[in-house]
Every structure is written in C-alpha cells, then in structure tokens.
Amino acid sequence: MVTINETPEIDIKKKLPEIKNLGFVKSLRKSDTGIGFTLESLMGIKENNLESNDFTYKGQLAELKAQRKHATSNITLFTKEPYWTPLKDSEIINKYGYPDVNKRNGLKVTLTTKSFNPQGLGIRIDKKSGRINIAHEKDGFLCYYILKDIMDKLKMKLKENLLVVFADSEKRKDG
C-alpha cells in the first residue's frame, strides 16, 4: 500500500487554475477513463490502481475523481470484489452477461435496492447478517458483500477529502 509520504503533495488551489488556463487539452485516452487519466497526468499523479489516495493537499490525503461534465454514467468511488459464493464470477457472467463491443461476454451493470435491472439483477440488504446480497429476480441469491467491509473501504478511501472535477469536452477531427 502507498503511504502518505509516497503520494504527491499538490497545491490544488494553484494547480487547477493552471490546468484550466491551458484551455482544451486532448485526452490522453479515448475511453471513459480518459478525463481522469489526463487530469492526473497534468497534475503529476502517476496512474495506479492502488487502494491509497491520489495526492495530499496541505498534508491531508485526497482522492481525485473526474468525469466529462455531461456524462450520464455514475462515478466509481472505489471497487470491491464480492464474495463469489454460491456462484463464481465466471458463472454469473456466463449466465447473465451479454456480448460487449469486442464480442466477449461481459457484465457491466448498475444495481439498486429499488428494482431489478434488465438482466434481472438487484441488491437485497440483509441487516441481520450484515450482508449486501446480489440477487437475480428468479434465481435468487448469487454472491454478496459484507457491509462492514464496504464501510471500512469507504472510510479508508474517502475519509479525508474527495475532489470531483467535471470537465468540459468537445470533439475535434484529428488533422
């Protein structure tokens, strides 16, 4: 795990206006992660998929999230692998997944406690066991998270500061 001493110290009140004054900057990546990757690069933050925070500001840990201003997708605050029981991840993907743009079976979905999504998947909270269950509307319980694990991860990742940047974007023809 990266410690506070290994994360860059950034004067965000100085750095963000400097980046804004650059005007439109070509995204360094075409995918959904392009805005975040480009912003981190401009700020001097090395790309990582570690559990630690992205930078420090005045000695305080901070997490950076970025998205195109008019994007309709959710912002992922952190990821956490569920307990794959009674089904394995491959079994769930094979049964409920769909072909992605590369014609590979995938399963990228949003789940809520209010209703089941188009794949028939939803979240069911079991307060007694302290679990967040992923369930199928007909097949029932598929896998689960432990609520305490989620809360611990949330506190660790976002306990001090969260900076969310919404970036203007425009499409230009290369040439």
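Reading pockets, a buried residue and aromatic rings

Mentor: The second largest pocket has a volume of about 1100 Å³, and we should keep in mind from the start that this is a predicted model.

Trainee: How does one find such empty space, and which residues line the second largest pocket nearest its centre?

Mentor: The general idea is that rolling a probe the size of a water molecule over the atoms shows where empty space is left. Here the second largest pocket is lined by 26 residues, and those that lie nearest its centre are Phe24, Val25, Ile35, Asp168 and Ser169. Helix 1 (12–20), helix 2 and strand 8 (162–167) each give at least two residues to this lining, with helix 2 providing the largest share, five residues. Sorted by class, the lining of the second largest pocket holds ten nonpolar, five polar and eleven charged residues.

Trainee: How much space lies in the largest pocket, and which residues are closest to its centre?

Mentor: The largest pocket holds about 2400 Å³ of space. Its lining is made up of 49 residues, of which Ile75, Thr76, Leu77, Phe78 and Thr79 are the closest to the centre. Several elements give two or more residues to this lining, among them helix 2 (34–43), strand 2 (60–68), helix 3 (89–96) and helix 4 (147–158). Strand 2 supplies the largest share, six residues, and the lining as a whole divides into 24 nonpolar, ten polar and 15 charged residues.

Trainee: Turning to a single residue, is Asn53 buried or exposed, and where is its place in the chain?

Mentor: To judge this, we compare the relative accessible area with a cut-off, and buried means under 20%. Asn53 has 7% relative accessibility, so Asn53 counts as buried. Its place is in the loop between helix 2 and strand 1 (55–57).

Trainee: What does the side chain of Asn53 reach, and which residues is Asn53 in contact with, leaving aside its neighbours within four places in sequence?

Mentor: The side chain of Asn53 reaches the backbone oxygen of Lys157 at 2.8 Å. Once the neighbours within four places in sequence are left aside, Asn53 is in contact with Thr7, Leu61, Ala62, Glu63, Met156 and Lys157. Take Met156 as one example from that list: Met156 lies in helix 4 and, with a relative accessible area of 23%, is partly exposed. Not counting residues up to four places away in sequence, Met156 touches Glu51 and Asn53. Met156 and Ser52 are 104 residues apart in sequence, and yet their C-alpha atoms are 8.0 Å apart in space.

Trainee: How should I read aromatic rings, and how many aromatic pairs does the count come to?

Mentor: A pair of aromatic rings is described by the distance of the centres and the angle of the planes. In this model the count comes to two aromatic pairs. The rings of Tyr83 and Tyr144 have their centres 5.0 Å apart and their planes at 15 degrees, so this pair is stacked. The pair links distant parts of the chain, since Tyr83 is in the loop between strand 2 and helix 3 while Tyr144 is in strand 7, 61 residues apart.

Trainee: Which of the two tyrosines is buried, and what other aromatic pair does Tyr144 form?

Mentor: Tyr144 is buried, with a relative accessible area of 10%, whereas Tyr83 counts as partly exposed at 35% relative accessibility. Tyr144 also forms a stacked pair with Phe141, with 6.1 Å centre to centre and 25 degrees between the planes. Phe141 counts as partly exposed, at 35% relative accessibility. Taken together, ring pairs link Tyr83, Phe141 and Tyr144 into a cluster.

Key: Residues are numbered from 1 along each chain as its sequence is written. This is a predicted model: local features need pLDDT of at least 70, side-chain atom pairs count only at pLDDT 80 or more; totals for chains, interfaces and linings use all residues. Side-chain values use heavy atoms; hydrogens and water are left out. On a 1 Å grid over the protein atoms alone, a cavity is a set of points where a 1.4 Å probe fits but cannot get out, and a pocket is an open set with protein on both sides within 12 Å along at least five of seven lines; lining residues have an atom within 4 Å of a point. Grid points are joined across faces, edges and corners, and a volume is the space filled by probe spheres set on the points. Helices (H or I, at least four residues) and strands (E, at least two) are DSSP runs, numbered from the N terminus. Ala, Val, Leu, Ile, Met, Phe, Trp, Tyr, Cys and Pro count as nonpolar, Asp, Glu, Lys and Arg as charged, and the others, Gly among them, as polar. Buried means under 20% relative accessible area, exposed over 50%, partly exposed in between (1.4 Å probe, protein chains only). A polar contact is a pair of N or O atoms within 3.5 Å; within protein, one must be able to donate a hydrogen and the other to accept it, and residues adjacent in sequence count only if both atoms are side-chain atoms. Contact means heavy atoms within 4.5 Å. Rings of Phe, Tyr and Trp (its six-membered ring) pair if their centres lie within 6.5 Å; planes under 30 degrees apart count as stacked, over 60 as edge-to-face and the rest as tilted.
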